[in-house]
Structures are given as C-alpha cells and as structure tokens.
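Hello,

Here is the structure we talked about, with the sequence alongside. My notes on what turned up follow below.

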Amino acid sequence: MTTTTRKTTENERVVFIQAWWRGTLVRRTLLHLALRVRVIQCWWKQQLAILLERKRRVALVLYAQEEWAVVKLQSWVRMWRIRLRFCRLLHAVHIIQAYWRWHSCHTRGLIQGHYDLKENQLNLQLEITLGSQACKVQQCIPFPIKE
C-alpha cells in the first residue's frame, strides 16, 4: 500500500468515526428531547384528566341539584293535590253533618226551655219541636210544704 492509499483509508476511518460520534450525539440529543416531550405530554394529560374530573363533578352536582329540585317540586304538587282532596272531603263531611243534624233534630224533636225555682213553686217554660210542629208549655207547679 502506498501512502496516499493509506491516507485515504485513514481519512475514511476518521470520517467513519466522526460520523458515528456525530450520530451518537444526535441520537442522544433526540433521546433527551423525546424524554422531555414525554414528560410534558404526561403532565398535560394529567392536567386534562384533572380538568375533566372537575367538569364531571360540576355536572354531577348540577344534575343532583336539578333532580332534588324536581323531586321537591313533585312532592309539593302531590301535597297540594292531597290537601285539596282532603279539603273537598272535609267540606263534604261538614255538609253531610249539617244535613244529618238537621234531619236528626227534625225527626227526633227538640226540647228547649228554662225554669225558675222559687220558695214553694216551680215555674217551667218548655218549647217542644217535632218536625214542623211546635208546642209551648208554661206551667207553675206548687210544692207541697209540710209544716
């Protein structure tokens, strides 16, 4: 081998080593960049997950509040309807009681009156009502006094 051939072969070897070293540096730099990108991506995904969790919780709270409001409104409407039905039934009961009392009073009769008790006599005033008929009684009843 000649010197020029040796130099070319040496130059090729030097160029090969330099290319290998530069490739190693580039690969190392790219690896570091890829690791940094991976760290940033992982952090960003965590932040997105946290944000998504917050949105989900807010949506869940809003849904629960709306459901509670709907249930409360439904219970108020049911209570109002039952109260209305109860008031109607109570009114009907009052009407039935009034008619029953009127009927009972007119069929059985009604006795009203007052009395005065004096020393030796009883003054009695009575009003008897039976149906459409009325009768007034006034009477003085003497007491037998034994002396």
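**Tryptophans and overall make-up**

Trp-21 has a relative accessibility of 42%, so this residue counts as partly exposed (buried is under 20% relative accessible area, exposed over 50%, partly exposed in between, with a 1.4 Å probe and protein chains only). Please bear in mind that this is a predicted model, where local features need pLDDT of at least 70, side-chain atom pairs count only at pLDDT 80 or more, and totals for chains, interfaces and linings use all residues. Residues are numbered from 1 along each chain as its sequence is written, and side-chain values use heavy atoms, with hydrogens and water left out.

Searching the whole structure gives two aromatic pairs (rings of Phe, Tyr and Trp, the last by its six-membered ring, with centres within 6.5 Å; planes under 30 degrees apart are stacked, over 60 edge-to-face, the rest tilted). Trp-20 and Trp-21 make a tilted pair, 6.1 Å centre to centre with 45° between the planes. Trp-43 and Trp-44 are also tilted, because their planes meet at 40°, with ring centres 6.1 Å apart. Trp-43 is partly exposed at 48% relative accessibility, and Trp-44 is partly exposed at 48%.

As for the fold, the protein has one helix and three strands (DSSP runs: H or I of at least four residues for helices, E of at least two for strands, numbered from the N terminus). Along the sequence the pattern reads α-β-β-β. Of the 147 residues in the protein, 3% are buried.

Best wishes
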